[in-house]
Amino acid sequence: MKVQDAFKTIQAGTGATGMKLKELQNEFKKLARIVPEFYQETATAIADLNAMPGLSGQSLQKMGKAMLDVTRLAGGDLKSNIASVAKP
């Protein structure tokens, strides 16, 4: 997957446009530099976690890294793991 495809995943998953989309793309770039996952998984983490209240910027990156680490180390599906922590 190319970076542009990852950006499309983020846009489709969030509905973000304009400056908000640019912010999420920048968060994706920062996260993609520090995790070993493919762009698709990283983009999915950004898109899905963006829906959680209070997550943006560095907190979005930290939670994204944590969820990717948990999924890689403990197994399971990234979307399911994110959904399990998003429950009220």
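These legends accompany close-up views of charged residues in a predicted model.

**View 1. Glu-37 and Arg-72 form a salt bridge between a loop and a helix.** Here the two side chains meet with an N to O distance of 2.4 Å. Arg-72 belongs to helix H4 (residues 57–74) while Glu-37 sits in the loop between H2 and H3, so this pair ties together parts that are 35 residues apart in sequence. Glu-37 is buried, at 17% relative accessible area, whereas Arg-72 is partly exposed, at 39%.

**View 2. Asp-69 pairs with Lys-65 and with Arg-72.** The salt bridge to Lys-65 spans 2.8 Å, N to O, and the one to Arg-72 spans 2.7 Å. Helix H4 holds both Lys-65 and Asp-69, 4 residues apart, about one turn of the helix. Arg-72 and Asp-69 are likewise in helix H4, 3 residues apart. Asp-69 counts as buried because its relative accessibility is 17%, under the 20% cut-off. Lys-65 is partly exposed, with 31%.

**View 3. Four residues come together in a salt-bridge network.** Step back a little and you can follow the links among Glu-37, Lys-65, Asp-69 and Arg-72. A search of the whole structure finds 4 salt bridges.

**View 4. Lys-22, Lys-29, Lys-30 and Arg-33 make up a positive surface patch.** Take a look at two of its members, Lys-29 and Lys-30. Lys-29 is located in helix H2 (residues 18–34), and Lys-30 lies in helix H2 too. Lys-29 is partly exposed, with a relative accessible area of 36%; for Lys-30, also partly exposed, the value is 38%. For a sense of scale, the C-alpha atoms of Lys-30 and Ala-66 are separated by 14 Å, with their positions 36 residues apart along the chain.

Methods:
Residues are numbered from 1 along each chain as its sequence is written. This is a predicted model: local features need pLDDT of at least 70, side-chain atom pairs count only at pLDDT 80 or more; totals for chains, interfaces and linings use all residues. Side-chain values use heavy atoms; hydrogens and water are left out. Patches are made of residues with over 30% relative accessible area and no salt bridge: like charges are joined within 9 Å, nonpolar side chains (Val, Leu, Ile, Met, Phe, Trp, Tyr) within 5 Å. Accessible areas come from the Shrake-Rupley method with a 1.4 Å probe; for residues, only the protein chains shown count as cover. Lys and Arg count as positive and Asp and Glu as negative; His and the chain ends are not counted. The place of a charge is taken as NZ of Lys, CZ of Arg, CG of Asp or CD of Glu. Helices (H or I, at least four residues) and strands (E, at least two) are DSSP runs, numbered from the N terminus. Buried means under 20% relative accessible area, exposed over 50%, partly exposed in between (1.4 Å probe, protein chains only).
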